[in-house]
Amino acid sequence: MAKYLLFFGFFIALQSCSDDSDKPEPQPNISNPQFYIFERNGESSVDFSGQTTRILMAEELVSASKNFNSSESGLLEMYRNESVSGGDVDPFQDADLNASTKSIRSKVAASNDLFSSNSSESLEIKDFMESLFFQLEVEIYPNENQIAAPGQAGQLADGSSTRYVSPAGLEYDQLLNKSLIGALMVDQVLNNYLSPEVLDQNSNREDNSNKVLSDGKNHTQMEHFWDEAYGYLYGTSANSANPNASIGEDDNFLNKYIGRVDSDEDFVGIAHRIFEAFKLGRAAILANDYKLRDEQIAILRSEISNVIAIRAVHYMQQGKKALPADRNNYSAYGSAFHDLSEGYGFLYSLRFTRNADGEVLFSREEVDNLISKLLSDGSNGFWDVKTETLDEISESISSKFNFTLAQAAE
Amino acid sequence: MKRGVLIILIPMLFACSEDESPDTQNDNFDRQSMLVNWADNIIIPSYKAYENSLIALQSAKNEFIANPNISSFSELRIKWEEAYLNWQKVSMFQIGMAEQITLRDFTNIYPCDKEEIEMAIVSGNYNLELPSSRDMQGFPALDYLLYGMAESENELLQKLSQTAYSNYLSELVERLLFLSQSVIDNWEGDYHDQFVENLGSDAGSSVNKMVNDYMFYYEKVLRAGKIGIPAGVFSSTSRSDLVEAPYRGDLSKALCLSALNASINFFHGRHYNSNEEGESLKSYLDYLSTVSETQSLSLSIANQFDLSKEKIEGLNADFALQIQTDNAAMLEAYDELQNNVVLMKVDMFQAMNIRVDYVDADGD
């Protein structure tokens, strides 16, 4: 025991050398380490391998969606990690992913708080992803060598990149990628693993207070739930104990966009606050301080939801800026459509956000209305979108948060 | 009369805006003379010279296809080189039709995709109008055909004599010419007057657009594309494979210098192929009496251009060799070019009250 105290004392000493401004209030009886390192019996008690697996599956799925040799059925197999008839399949490049019994689909819109008694919406969201595979197969892949125009799927230049869009100008691989950030990562983190209802379910709180470990594991169930939330952000980090060293570079999902938002001078520090809240919350669980734990949950709800909302507004505004001055110059829409497609995915992801008090910020209907608004300025979707519409959507998002449209725009 | 009203209106508009930027908008610099000088004495003559060199390339190509031999092949290569050097003098003018058809992207995206090129030639199945075909055409693809797709000159000649290859060669040349002509037709049509009459100082005005295009070109295409990226400024290791005209080898410095000279001449307002100068960014800065530290900003920029040029002239004719043997010299050249990004993109833009209209791409 004395050894541990010494160990933690060392970390506290290290901490006092760092910048004071963001330092959490000193917590009596809480050993808040410098890195996300928690050990018991000389071994790590942190485990989020399941989250790493799902992030990697999602990476392969998004990457495959951009491949013109892919098919709807192949993408479905990756999404479900089983055949259409429920059989075993090996859809991934990475053998470890094929060996896994996990799937992306099973955790899409699958949180306790939002979907445990809302299976119809859960199914709708799971199926939305699958509908994208169908649309990729019928709209995008056969039109690889067409030049896109209103009502015509095909390719557009975006700088030196080439984008492949639907007849309405939508890049389905971007919709898939960015919608998963909300429907998989944010939903699991905020509405499931960081839900007090989940953390405290069954005898979790009592077991945690008495440090009763899960069968054959080195962690309590509550510790593990907390780590699983952590894993959806940092599960593929170069150093997952100190993930901010490479924040933004470790996946194409939540990690990436925390990095992006943090690199905006208006929001710098957000990555630090998120990591610190995770770390202090985990330390609080170790110390049985549930009030402190819940304070960290409030920070995480607010900051992670901010990331989604800031990017949604950002892409609406970037898309607006990139629309060509000559709206009849169809070859000049590539940058705008790329931004708006990313923005579409972040709008979709707003459904899974909540504020510090835990209130859900966007109902299904509100999100559907925003998306419908984005596509309804004319009969050809993005080709007809008006700049005023993009501003209205942006404002209806930013008005629910503590940032301004202008801060998110650049 | 109309202009009188405009001049009164502009200061009123500006009174409502933020105070931070210097109030130079109501300067009386003759922006139109500058636009006329740019269009009539620089841009259009440069495009014409470029077009002429493509017509010469077209003839050499036709001659080669009719009589493929060492002499016609060598002539073809010479005409390619001349056209490529002339391209560097118009690449920065991505405005009007050139902007609309993204001329630069269809003319000079490198490195080219040699696998795709070989596949296209063998299958005969390709469409050069597609954005995804941009790295299969233009000067970089010709570089591959004329210098890269076989070991020896004889083998190249033999391969290019085959119909599938000569057809592709022909299409590449014809397309370059077609694109350049559509830009010239536009300048000789309505666009000239549109350009010189689009005064004012909003983001869409000709001066603001042209200065932004010039800056974008200098920063991204010249500084980064020709020097910084191959020298490894933006990556963990140097990338000598990313130099311009890699198959020809010893042309990358000449191409870079042609581009830099064109940038310098534009800054000074020098007429095409002449030392005569007209209204320019330099004379505009002098009119505004912008001072940087102790000397005029225009002199600082001009001197910095000279320093950059000196550094680049000292490099190996083949940048790839330079990078492999002494990359530090490449990095020094990059640093000198970078110094002018600061002087122009910050100080000059501020003096002229022009906002940067491009951002660094998101990268995803």
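The following exchange examines a predicted model of two chains, A and B, and the reasons for the terms applied to it.

Me: How do you know how far the predictor trusts chain A and chain B?
Reply: The confidence score runs from 0 to 100. Chain A has a mean pLDDT of 93, and 93% of its residues reach 70 or more. For chain B the mean pLDDT is 91, with 91% of residues at 70 or more. For the complex, the predictor gives an ipTM of 0.76 and a pTM of 0.84.

Me: Which residues of each chain stay under a pLDDT of 50?
Reply: In chain A these include residues 1-21, for which the model has 7 contacts beyond four places in sequence. In chain B they include residues 1-24, with 14 such contacts.

Me: What makes the radius of gyration of chain A agree with that of a compact globule?
Reply: The rule is 2.2 Å times the number of residues to the power 0.38. For 410 residues it gives a value near 22 Å; chain A has 22 Å, and therefore agrees. Its C-alpha atoms fill a box of roughly 75 × 50 × 40 Å along the principal axes. Chain A has 17 helices and 4 strands, and 47% of its 410 residues count as buried. Of its contacts with a separation of 6 or more, 64% come from residues 24 or more positions apart.

Me: How does chain B stand against the rule for a compact globule?
Reply: With 364 residues, the rule gives a radius of gyration near 21 Å; chain B has 22 Å, so the two agree. The C-alpha atoms of chain B fill a box of roughly 70 × 45 × 45 Å along the principal axes. Its secondary structure comes to 14 helices and 2 strands. Of the 364 residues of chain B, 40% count as buried, and residues 24 or more positions apart account for 72% of its contacts with a separation of 6 or more.

Me: Why is strand E3 of chain A called largely enclosed?
Reply: A residue is buried if 20 or more other C-beta atoms lie within 10 Å of its own. In E3(A), 5 of the 5 residues are buried, so the strand is largely enclosed by the rest of the structure.

Me: What makes E3(A) and E4(A) a pair, and how do they run?
Reply: Pairing requires at least two bridges between the strands. E3(A), residues 154-158, is joined to E4(A), residues 161-165, by 5 bridges, so the criterion is met; the two strands run antiparallel. A:Leu156 has A:Arg163 as its bridge partner, while A:Ala157 stands opposite A:Thr162. The two strands form a hairpin with 2 residues between them, and A:Gly159 in the turn has a positive phi of about 60°.

Me: Which residues form the contact between the chains, and what is the part of E3(A) in it?
Reply: The contact takes 10 residues from chain A and 11 residues from chain B. On the side of chain A that touches chain B, E3(A) gives the most, with 3 residues. That side divides into 4 nonpolar, 6 polar and no charged residues.

Me: What makes up the largest nonpolar core?
Reply: Such a core is a set of buried nonpolar residues joined through C-beta atoms within 7 Å. The largest has 108 residues, and those with the most contacts inside it include A:Val186, A:Leu254, A:Ile258 and A:Ile274. Leaving aside residues up to four places away in sequence, A:Ile274 touches A:Ile258, A:Leu300, A:Glu303 and A:Ile304. A second, separate core of 87 residues includes B:Ala60, B:Ala120, B:Val183 and B:Ile312.

Me: Why is A:Asn202 called exposed?
Reply: The cut-off for exposure is 12 or fewer other C-beta atoms within 10 Å. A:Asn202 has 8 such neighbours, so it counts as exposed. A:Asn202 is in the loop between helix H8 (196-199) and helix H9 (204-209) of chain A, and has a positive phi of about 50° although it is not a glycine.

Me: How do you know whether A:Lys211 is buried or exposed?
Reply: A:Lys211 has 12 other C-beta atoms within 10 Å, and is therefore exposed. It lies in the loop between H9 and helix H10 (221-234) of chain A. A:Lys211 is not a glycine, yet has a positive phi of about 55°.

Me: What is the omega of the peptide bond between B:Tyr110 and B:Pro111?
Reply: Omega is about 5°, and the bond is cis. B:Pro111 is in the loop between helix H5 (103-107) and helix H6 (114-123) of chain B.

Key. Residues are numbered from 1 along each chain as its sequence is written. Chains are lettered from A and ligands numbered from 1 in the order in which they are written. This is a predicted model: local features need pLDDT of at least 70, side-chain atom pairs count only at pLDDT 80 or more; totals for chains, interfaces and linings use all residues. Two residues are in contact if their C-beta atoms, placed from the backbone, lie within 7 Å. Ala, Val, Leu, Ile, Met, Phe, Trp, Tyr, Cys and Pro count as nonpolar, Asp, Glu, Lys and Arg as charged, and the others, Gly among them, as polar.
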